[in-house]
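Subject: The structure for you to look at

Hello,

Here is the structure I promised to pass on. Have a look at it first, and then read on for what turned up.

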Amino acid sequence: MEAEAFDVAALAPLGFVAIGALVTLMLEVVLSRRAFVGEGVDPETRLVARARIGIVLAFASSAAIVLAMYAAIYQFELGFETAFGPGRPMLQLDALSTFATALIGLGALLSVWLSITYLPALRINHGEYYALLLLSTAGMFVLVSAVDLISLYLGLELTSLPIYALAGFNRRRLRSNEAALKYFLMGAVASAVLLYGMALLYGATGHTDFTGISQGFAGGGGLALSGLALVIAGLAFKVSVVPFHQWTPDVYEGAPTSVTAFMAVTVKTAGFVVLMRFLVLALPEMGEKVSVLLGVLAGLSMLIGNLMAVVQDNVKRMLAYSAVAHAGYLMVGFAAGTPEAWTAVLFYLFVYLFMTVGVFCVVIALAQGGREWDSIEDFAGLASQRPALAAVMTLFLLSLAGIPGTAGFMAKFYLVVAAVDAGQIALVLILVGTSMVSFFYYLRLPVVMYMQKRRQDPDAETSSSEIVVLALCAAAILYFAFFAQADPFGTGVRALDVAGRAADFLH
Amino acid sequence: MSFEMFLFYAFAFLAVFSAVAMIGFVRHIVAAAMSLVVTMVSLAGIYVLMHAELIAAIQILVYAGAIVVLFLFVIMLLDLRDGGLGPAARGQNLVKAVGVGGTVTIGTLVVASVSGVFSVNPLVESLPEGFGEHRALGIALFTDYALAVELVGLVLLASIVGAVILAKRKID
Amino acid sequence: MLSEYLGVLLMLGIAVALTVGMLLVHVYLGPKRSFDKKLAPFECGEEPIVSPRQRHAVKFYLVAILFVVFDVEAVFFYPWGATFLETGLPGLTTIAIFSVPLVVGLVYEWSKGALEW
């Protein structure tokens, strides 16, 4: 039996990250032999050795991610379009998947940089962290190019399993254990729901690939519809859309903050992209029914996310509910379902990456002495002690709130325009109304930072890797606030056009 | 009703019954795990009826064997003094399980009968030669689904690392 | 299709009949002179009656879960071995790549002492 020739180069991003994960794990094994960090070594030496190993591993995983991003961007520029898989297409490499791959790569890269000083600060500097992070990233690369229910499911499991472990990475902290357990149990149920939906879809249509499902759908049928609803529910869990969001606050709060940043950014991107591809490829004719369903999810997420965020006293919990709200905003684009809406959604995900990584980076910069400083009181008077940190935090929060002059405003603006064009007036009204509510909790932190006296006194320095991340995120937010559609430096790249090109390949 | 249909309903009833029993009315938690074994074995029986012999064998080896043993280890690790759940908790569980499971099942059945799925039996005529045997499965896995097999390797690696990092007694 | 399984059913039936039969033979033919020591279950000198709920160490769990992982891995090797001639070199390549992460995982857990008792 001859195997059909296939283009291995198409899988370069996935390959780089997967090999990177294996190499990182082996490096960890070789470097952390017991002579250096074993039982007999005194704690001081061990701590220093661990720190050095961590830097080496962070460098190795950054290299793998950068290579993968480079490959993805190269494929994007070439206009790569190929269905990959020996025999039958499991993955579709096109503008959407390469765009999402680069975006997820960026999120993973920034998360790695956040971890370099944060892990030692929490005394959880174990090399497996980077291997797990890379494995999860590989899963998301699979997810964003999946065109078959089988690759979708495997991608989702490869994404989730490492994150369950990462959420519980701080084993000494009860909340971290709780986060891992909760996320795992809820995730397992979501996987079961997803699988049930897939089984129904396969039973009703006789296909597992998205295009085959769309042909099978032509006959209509309630069985396929219930399968579809279950698949959407399973994916909605991953992107924390109401009513599948209950895990979000506990997991965001309990997980180490670098892990929270990683999953807030990358899993959301991967989940929304695969949902987008699934909806467009598998159900081109289902438009209206599905859009009502998605509209309901969007409205609920915006309302519950924003209202619950108001009453939180912990910054990470507040940001978790804010993540639910932002998932709701993105679902408005899904309910609209036009090419412009997909463009707006992708641009929103792009901007959301910088805002979210930035805001969690500030929380990380405050962590020290084996403890997080993440309650709202911990931020009191921060402006007088670390003015730059307070300033960028304010910028990120304003951007999350969508105040004009930040990239967050532009992202919301394009989303609203696309939704109005598609006639989703009710959802747009909810979006604008709940955004007003969100000002209250987003602006609470700046008020505390600038108006109150310093109560605690953390004297941690912002490390150089954190400064790089913060500067990059802040610069991106300011840049895209004004030049989303312009090209002031003549690079020939306009952010919105890139997102548009990615969205265009769906049709 | 043919004998095969009779066997199918027998296995299906056994699977559902012991699944409900596991949550709802078994007194001791070890007995609940044993009830799960019955569900797993009944599912293996259904797989055999569907001509998926290899899957049936794997179901018994991996699920009824290895995974339930893992459950038992965890139960012993937790060391539940009162022998598991009290009657009140069991009653609540029963209500919840029957409520949720019943709703989903009835919903699916209603939707399925409305859409007329029961009037056709698409699987019986269209089985290719050697369906479900290890050869057909092996060829499909290592040609068309080769990429999926590689992904499974990565998933397994992730679970190894995750298990070691979370369950090892000393990590420093 | 069920006729294929007739042999299996037959064997099951014989096995059950044989077991039950032997037990019955013992009940009817065996001499019955019972006293205290004889009625107590013999367990190699161990105290026969202890609480079944003893706490096990977490290492049992770790070994069990690692066993499950490699059990699942073995499941993939079987269909490959059975179709080695048909799948040929591509199949061999697939299984070789498949085992790389698992070998890495094995080396990892070995060096971390997860297999030490």
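A word on naming before we start: helices here are DSSP runs of at least four residues, numbered from the N terminus. With that in mind, B:His51 is a good place to begin, as it sits in the loop between helix H2 (29-49) and H3 of chain B. Please remember throughout that this is a predicted model. B:His51 is not a glycine, yet its phi is positive, at about 70°. B:His51 counts as partly exposed because 15 other C-beta atoms lie within 10 Å.

Chain A has a residue with a positive phi too. A:Ser240 belongs to the loop between H9 and H10 of chain A, and its phi is near 50°, a positive value in a residue other than glycine. Is A:Ser240 buried or exposed? With 28 C-beta neighbours inside 10 Å, A:Ser240 is buried. A:Pro243 also lies in the loop between H9 and helix H10 (247-254) of chain A. The peptide bond that leads from A:Val242 to A:Pro243 is cis, and its omega is near 10°.

Next, some helix packing in chain A. Helix H5 (residues 128-145) and helix H6 (residues 149-167) of chain A pack at an angle of about 155°, and their axes are 7 Å apart. Angles over 145 degrees count as roughly antiparallel, so that is how H5(A) and H6(A) run relative to each other. Their crossing is left-handed. On the H5(A) side the contact includes A:Tyr129, A:Leu132, A:Ser136 and A:Gly139, while H6(A) brings, among others, A:Ser151, A:Leu154, A:Thr159 and A:Pro162. How many residues of the contact of H5(A) with H6(A) are charged? There are no charged residues in that contact, which has 16 nonpolar and five polar ones.

H5(A) also packs against helix H1 (residues 12-31) of chain A, at an angle of about 165° and with the axes 8 Å apart. H1(A) and H5(A) are therefore roughly antiparallel to each other, and their crossing is left-handed. Among the residues that meet are A:Pro13, A:Val17, A:Thr24 and A:Glu28 in H1(A), and A:Glu128, A:Tyr130, A:Leu134 and A:Phe141 in H5(A). The contact of H1(A) with H5(A) divides into 13 nonpolar, three polar and two charged residues. If you compare the two lists, A:Leu135, A:Ala138 and A:Val142 of H5(A) take part in the contact with H6(A), and they take part in the contact with H1(A) as well.

Some helices of chain A are worth viewing end-on. In helix H8 (residues 210-217) of chain A, the buried residues include A:Phe210, A:Gly212, A:Ile213 and A:Phe217. These cover an arc of only 160° around the axis, so they are on the same side of H8(A). The buried residues of H8(A) pack against helix H7 (174-205), helix H9 (222-238) and helix H11 (257-282) of chain A.

Which residues of helix H20 (residues 495-504) of chain A are buried? They are A:Ala495, A:Ala499, A:Ala502 and A:Ala503. Down the axis of H20(A) these fall within an arc of 95°, so they line one face of the helix. An α-helix has 3.6 residues a turn, so residues three or four places apart point the same way. The cover over the buried residues of H20(A) includes helix H4 (95-121), helix H14 (339-366) and helix H19 (464-482) of chain A.

Within H19 of chain A you will find A:Val469. A:Val469 counts as buried because it has 27 C-beta neighbours inside 10 Å. Leaving out residues up to four places away in sequence, A:Val469 touches A:Leu110, A:Trp113, A:Leu114, A:Val357 and A:Cys361. The C-alpha atoms of A:Val469 and A:Val362 are 9.8 Å apart, although 107 residues separate the two along the chain.

Finally, chains B and C. Chain C has four helices and zero strands, and buried residues make up 20% of its 117 residues. Where chains B and C touch, 38 residues come from chain B and 40 residues from chain C. Helices H1 (3-24), H3 (53-78), H6 (134-142) and H7 (146-167) of chain B each supply at least two residues of the chain B side. The largest share of that side, 14 residues, comes from H7(B). The chain B side divides into 27 nonpolar, five polar and six charged residues.

Enjoy exploring!

Best wishes

How values were computed. Residues numbered from 1 in each chain as written. Chains lettered and ligands numbered in written order. Predicted model: local features only at pLDDT ≥ 70, side-chain atom pairs only at ≥ 80, totals over all residues. Axes fitted to C-alpha atoms, helices over the stretch in contact; angles between N-to-C directions. Parallel < 35°, antiparallel > 145°, perpendicular 65-115°, else oblique. Left-handed = near helix turned anticlockwise from the far one by under 90°. Contact = placed C-beta atoms within 7 Å. Nonpolar A, V, L, I, M, F, W, Y, C, P; charged D, E, K, R; others polar. Buried ≥ 20, exposed ≤ 12 C-beta atoms within 10 Å, placed from the backbone. Arc of directions from axis to C-beta.
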